[in-house]
Each structure stands twice: as C-alpha cells, then as structure tokens.
Amino acid sequence: EIIISDNRSTDNSDAIIKQYCHDKRIKYWQNEINLGMLPNFKKATELANGFFVTYVSSDDYLVNKSFISEAVSIMRQHQNVVVFSGISKNYKVHADKEIHNTAYDFKISNGLLNKAVSGKTVFSVFQHSHILNFGGSVFYKNHLMNLDVVREPNTTYADLQTILLLALRGDFYLSDKVSYMQTFHGQNASHSYANAEKSLLNLSF
C-alpha cells in the first residue's frame with residue numbers, strides 16, 4: 001500500500017493524487033492543519049496497515065524497484081534485524097548532480113555493507129558517521145509505534161533519535177544498493193548535520 005498524508009499542501013497535490021486514488025492500494029489522507037514534517041510522518045505511520053513501513057519525503061524518491069521486497073525478505077530471514085537500509089544518495093538541485101553522502105565512504109572503508117550490523121556498532125560509530133538515513137530504510141511498524149516514533153516533533157533530528165532507539169533493539173542490515181534519492185535544494189529541514197550531536201544531547205533515551 002501507499003499512504004499519502006497531505007500536510008495541507010498548496011501546490012495542487014490534491015488534484016494530482018486523486019487521479020490515482022482508484023487504485024485501492026493508495027490511501028490518501030488530508031490533515032486539517034499543517035502538522036509539521038515529523039508529526040506528519042507519525043500520522044502516516046498510524047495509517048499504515050502493513051507490518052513494514054518506509055518513508056519517502058515529498059521532494060525525494062526511490063530509485064530501486066526491488067528495494068522494499070528485498071528489505072522484507074532480509075528482515076524475515078534475520079529475526080534480529082530491526083532496520084534494513086539501502087544506500088541514500090543526494091541530488092543537488094542547483095548543481096544538477098547526484099553524489100554519495102559521507103556515510104557511503106565510511107561504510108565501504110569499514111566493511112559495513114551487505115551484512116547485519118549490531119546496534120552497538122551503530123551507536124559506536126555515530127559520532128563519526130550517521131551510517132543510515134530515515135529515508136531509504138525499512139522499519140517494523142510496531143517498533144515505531146511502541147517507540148512513539150519521532151516523539152519530539154520540534155526537534156529536526158528526532159528521526160536520528162528514532163534510529164538510535166532502534167539500535168537498542170537489534171541489528172541493522174546495510175545494503176550496498178542505491179535505493180533512495182534525497183533532494184537538496186537549500187531549504188531542507190535537516191540539510192546539515194553540523195548541529196546534530198548538540199541537538200541529540202537534548203533528546204530523551
């Protein structure tokens with residue numbers, strides 16, 4: 001299924017989306033007010049019916065058609081894997097080019113790809129590299145709901161908080177396949193990780 005949680009958009013999204021709503025796999029929800037980005041993620045999670053969820057922000061996109069099926073297969077094979085993460089690339093709008101983020105080189109140099117990596121490892125390397133993104137990752141819905149996903153909506157890095165909380169529950173499988181494209185246009189809510197560590201110090205674990 002595809003859950004679309006319309007956060008009071010004003011760019012004609014409604015008319016575009018309704019062209020596809022004859023497909024019963026698409027569930028379209030319109031918020032009465034703009035909830036903000038992270039609470040809208042949470043709303044979409046609540047609306048999902050499946051065991052697994054992944055997120056695609058409005059200006060990002062998936063680039064691997066088998067990404068979700070591969071993730072579900074791996075997570076079913078490895079019971080201790082709580083997150084499956086593909087490679088996320090950055091699309092720089094103003095330069096019109098795609099580049100790997102710094103996490104890509106870190107994962108290669110440390111032999112972290114195509115394997116289940118312990119949550120402890122995710123914690124230990126976090127100050128050096130955020131080795132996965134919220135976008136381009138597949139999660140168990142019940143884990144996210146039990147954790148009260150993105151519980152602190154006013155914090156830009158609450159998605160990273162969620163990843164670290166999941167690291168306390170099990171392993172992360174890190175795939176080497178490019179699966180997600182994150183668009184960078186200068187107005188991203190989390191376009192820089194420079195203040196991430198300081199922000200996370202104020203979050204609850």
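**A walk from β5 to α4**

Select Val83 and Phe172 to begin: Val83 stands opposite Phe172, a residue of β9. Keep in mind as you look around that this is a predicted model.

Now widen the selection to the strands these two residues sit in. β5 covers residues 81–92 and β9 covers residues 171–184, and the two pair in the parallel sense over ten bridges. Colour β5 by accessibility and you will find a mostly covered strand, with ten of its twelve residues buried.

Return to Val83 and add Phe139, its bridge partner in β8. Strand β8, residues 137–140, runs antiparallel to β5, and three bridges join them.

Next, move along to Tyr91 and show Glu98 of β6, which stands opposite. Here β5 meets β6 (residues 97–100) in an antiparallel arrangement with four bridges. Pause at the hairpin between them: four residues separate the strands, and Asp96 takes a positive phi near 55°.

The next stop is helix α4, residues 102–109. Which residues of α4 are buried? Select Ala103, Phe106 and Lys107 to see them. Turn the view to look down the axis of α4: the buried residues fall within an arc of 95°, so they line one face of the helix. Rotate to the other side of α4 and pick out Asp105 and Ser109, which are exposed.

To see what covers the buried residues of α4, bring back β5 and β9 and add α5 (119–125); these are among the covering elements.

Finish at Gly111, just after α4, where phi is positive at about 60°.

Technical notes:
Residues numbered from 1 in each chain as written. Predicted model: local features only at pLDDT ≥ 70, side-chain atom pairs only at ≥ 80, totals over all residues. Heavy atoms only, no water. Buried < 20%, exposed > 50% of the residue type's maximum accessible area, 1.4 Å probe, protein only. Pairing = 2+ DSSP bridges. Arc of directions from axis to C-beta. Contact = heavy atoms within 4.5 Å.
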